[in-house]
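Me: I would like to take a close look at one part of this protein, the place where its two domains meet. Please go slowly, since I am new to reading structures.

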Amino acid sequence: MTRRTFLERVKAERTVWVDGELVQDVTHHPAFEGTIKTIDKLLQKQYVESTKELLTYHTEGVRAHLSFLIPENKVDLKRKRVAYQHWADDTFGVMSRLSEYTRSIITGWYANRDVLDKKRPGFAEKIAHYYRKSLENDWLSTVAGHDPQRDRATKQTHDALLHITDRNEDGIFVSGAKMIATAAPYVDEILINSYHKRTEKERAYAHVFFVPVTAKGLNIVCRESFASQDKTNHPLSSRYDEMDAVLIFDHVFIPWERVLACEDPEFSWVLRIEPCSALLSQHQTVARLVSKLESVAAIANELAEASGATAFLHVKQKLAEVIMQKESIYALLNASEHESTMYEGVCLPDKDYLATARNLGTKYYPRSLEIIQQVGAGGLLQTPSKIEELFGPIAHLLKEPYKGTKMSAEERTKLIKLAWDLIGNSLGSRHELYERFYSGDPVRTFAGQYHSYQDKKSLVDFAYQAIRREE
Ligand SMILES: Cc1cc2nc3c(=O)[nH]c(=O)nc-3n(C[C@H](O)[C@H](O)[C@H](O)COP(=O)(O)OP(=O)(O)OC[C@H]3O[C@@H](n4cnc5c(N)ncnc54)[C@H](O)[C@@H]3O)c2cc1C
């Protein structure tokens with residue numbers, strides 16, 4: 001079987017808007033060029049002898065990325081995690097939509113298709129077909145599950161929300177908006193779902209379907225680009241700016257074979273909380289978070305080393321904190337695999353450990369950025385505007401003041417530029433927002449963890465035993 005390459009596919013016509021202009025070719029647009037090159041390099045690793053086994057597995061005549069593997073035991077789970085971490089480590093953990101997340105949802109639904117088919121006959125056939133197509137074509141995908149922020153409190157019904165405008169025996173036509181679809185401009189496919197439980201009043205907006213980014217009438221409206229063309233001075237934003245977009249559907253046709261739930265609040269919610277898809281996708285997000293926290297810990301440590309601040313007790317305490325963050329999430333990831341359980345023949349990581357890791361992540365990341373600011377202080381701005389100035393007309397005057405304790409002026413300036421890309425500039429701010437919210441509104445995800453904690457009964461029993469103890 002010959003697959004079309006990512007670069008061939010991404011050139012296909014799509015309606016992407018940036019700065020009010022329709023992008024002709026995303027591969028040659030400054031907002032996407034660097035990121036697309038990065039993704040292409042990561043995908044190529046699937047074919048290179050030294051990394052092929054690490055990233056892919058053999059299934060029915062094709063090699064597929066391990067995000068498609070249905071884990072049957074702990075070894076499979078670990079194998080999947082190692083594949084996720086390889087790409088995440090390669091990109092400092094700042095790329096979160098390399099498709100493994102959405103692929104894990106698809107894989108989970110496929111793995112549990114017989115159970116789901118009993119609730120909505122025909123589901124199994126649809127998901128089996130889509131899963132196989134995704135896997136065989138190595139489709140890249142993202143997900144958009146939220147309505148635009150029009151009115152969160154009263155949940156008004158209006159035409160800005162994604163709704164059906166027409167239907168026939170072949171499929172449905174939809175109009176309205178969905179957000180946020182990170183990576184939408186350059187993936188192949190988008191999963192549209194309902195992140196929150198729909199009420200009966202919201203029936204008209206309760207859909208789950210797959211749409212190709214090339215669909216006629218699908219407008220992908222991008223935020224301002226944070227991508228830089230300058231790799232030397234902006235090591236992260238020149239390579240890894242994952243674009244966030246709002247999707248505006250204008251009478252887009254979706255064939256029935258791609259529609260999993262249509263004006264169906266009950267089944268939309270069944271799919272949203274289905275254990276295989278939920279836990280396999282969360283497993284990926286926690287693996288990626290470990291890489292990001294490790295990058296932050298490394299940068300914080302090097303910044304403090306470079307200025308000699310590691311000599312101070314409170315700086316050591318702060319550096320220990322970022323190390324503890326990374327170690328805690330890593331330990332939770334390991335624990336989730338170690339205490340995995342079998343569900344319908346699928347080996348699933350433990351839900352409480354994953355939820356703990358994800359919820360802690362929303363607190364850890366902003367705190368880790370605060371620590372970088374505290375240990376880096378004014379040194380974060382102790383750089384010439386461009387590294388090249390260290391070799392310019394006043395180079396001889398700059399070499400000493402810009403040096404680190406054990407670093408040349410050039411090395412230290414590179415380190416500070418890296419740190420600034422992570423915490424200081426637009427990309428850095430976007431990442432802080434991302435880590436706070438990507439897995440949902442933390443107010444509700446914390447409450448969700450409380451509600452789903454099954455051991456609550458043993459906590460209650462323990463408390464009652466303690467207060468009733470007579471001796
Ligand atoms: C950088 C970035 C990338 C993202 N990428 C994706 C993506 O690729 N795919 C995707 O599907 N989503 C994505 N998201 C969206 C993300 O999942 C949501 O931002 C998150 O779930 C919060 O929802 P919201 O932004 O609609 O905020 P809202 O739900 O509108 O919340 C806004 C504020 O109101 C409060 N609030 C609102 N409703 C309630 C309520 N019922 N009870 C209590 N408090 C409430 C919240 O606590 C919060 O303080 C991304 C978000 C960011 C920031």
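How far apart do the C-alpha centres of domain 1 and domain 2 lie?

Reply: The C-alpha centres of domain 1 and domain 2 lie 27 Å apart. This is a predicted model, in which local features need pLDDT of at least 70 and side-chain atom pairs count only at pLDDT 80 or more, while totals for chains, interfaces and linings use all residues. Residues are numbered from 1 along each chain as its sequence is written, and side-chain values use heavy atoms, with hydrogens and water left out.

The assignment for the protein chain, which is automatic or taken from a database, gives domain 1 as 6-60 + 113-272 and domain 2 as 274-456. Where the two meet, 21 residues of domain 1 are in contact (heavy atoms within 4.5 Å) with 19 residues of domain 2.

The largest nonpolar core (buried Ala, Val, Leu, Ile, Met, Phe, Trp, Tyr and Cys residues joined through side-chain atoms within 4.5 Å) has 119 residues, and those that touch the most other members are Phe32, Trp109, Ile190, Val211, Leu247 and Phe249. Helix α9, residues 275-307 (a DSSP run of H or I with at least four residues, whereas a strand is a run of E with at least two, both numbered from the N terminus), gives the most to this core, with 15 residues. Because domain 1 and domain 2 both give residues to this core, it lies between them.

To see how one core member is surrounded, take Ile190: leaving aside residues up to four places away in sequence, Ile190 touches Thr142, Val143, Ala144, Ala184, Phe209, Phe210, Val211, Val213, Leu218 and Leu247. Two of these, Val211 and Leu247, are also among the core residues that touch the most other members.

Another residue worth following is Ile172, whose place is in strand β7, residues 171-178. Ile172 counts as buried because its relative accessibility is 0%, where buried means under 20% relative accessible area, exposed over 50% and partly exposed in between, with a 1.4 Å probe and protein chains only. Again not counting residues up to four places away in sequence, Ile172 touches Ile164, Asp166, Arg167, Val252, Phe253, Ile254, Trp256, Val259 and Cys262. To set Ile172 against a distant position, Pro349 is 177 residues away in sequence and 36 Å away in space, C-alpha to C-alpha.
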